[in-house]
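Me: I have a structure open and would like to practise reading it with you. Could we go through a few features together?

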Amino acid sequence: FPSSTSISTPYEDALSALRLLSAELVLGLHFLHSQGIIHQDIKPANILISADGHAVITDFGSSRLMPRLQEMNADRLSYHANDPDFLSDVQFYPPSETCSAHYGPIVLAPDNQVSFTRRYAAPELLGAHAPAEQGAHDLAQDRDVLVYDERVDFYSLGAMLRELAIGDSNDDSDAKRQDDWERASDGHQAR
């Protein structure tokens, strides 16, 4: 038996590496969001590991800048009013640096293009420029617009980490279910 009381298995090592990767990516996304940047295309191909083993977020070709709240009109200031503040008890980020305190959502007109990787895209991006549901969002005001914020990056991160953790992508049966859901949500009969 080894002299150490702790025995490490390959599974535990992989889980530990995934935890470290997750933590570094969450901190990286938080930094981007605090600067008003939504990456919008978080996926394994856009994450590099540096020589010293740290995660590096790359490829900002799809990213967008969130509008500063001071530049927005008063009816949009309440967009994040009911969002939970997950950083309120974190000591190393003053409340003035939380992204929801400074930036509003991105609102795109039907003629604006949205770029993302479908496998990792948040549902609100997949339904790009779908007419807003009655009362679904005040910013949409029954217009054909797309409204989203930094949460799309966290959805993509979760989808990517799920794929890394279980070694399975959403390509096969999940993709068929996603296609069926999209057809059903567009008003067409899913098969």
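Me: Among contacts between residues at least 6 apart in sequence, what percentage join residues at least 24 apart?

Reply: Happy to help, and note that this is a predicted model. In the protein, 70% of those contacts join residues at least 24 apart.

Me: Which elements does the chain run through, and in what order?

Reply: There are 4 helices and 6 strands. From the N terminus on, they run α-β-β-β-β-β-α-β-α-α.

Me: How do I check the length of helix α1?

Reply: Multiply out the rise of 1.5 Å a residue: the 25 residues of α1, residues 10–34, should span 36 Å. The C-alpha atoms at its ends are 36 Å apart, which agrees.

Me: Which residues of α1 are buried?

Reply: Start with the general idea: an α-helix has 3.6 residues a turn, so residues three or four places apart point the same way. In α1, the buried residues include Leu18, Leu21, Leu25, Leu29 and Leu32. Against what do the buried residues of α1 pack? Their partners are β1 (37–38), β2 (47–49), β3 (55–57) and α3 (151–166). Just after α1, Gly36 has a positive phi of about 85 degrees.

Me: Is Val145 buried or exposed?

Reply: Burial here means a relative accessible area under 20%. Val145 has 13%, so Val145 is buried, although it is found in a loop, between α2 (123–126) and β6 (146–148). Its C-alpha atom is separated by 9.3 Å from that of Asn112, 33 residues apart along the chain.

Me: And what share of the whole protein is buried?

Reply: Of its 191 residues, 31% count as buried.

Methods. Residues numbered from 1 in each chain as written. Predicted model: local features only at pLDDT ≥ 70, side-chain atom pairs only at ≥ 80, totals over all residues. Heavy atoms only, no water. Helix = DSSP H or I, 4+ residues; strand = E, 2+ residues; numbered from the N terminus. Expected span 1.5 Å × (residues − 1). Buried < 20%, exposed > 50% of the residue type's maximum accessible area, 1.4 Å probe, protein only. Contact = heavy atoms within 4.5 Å.
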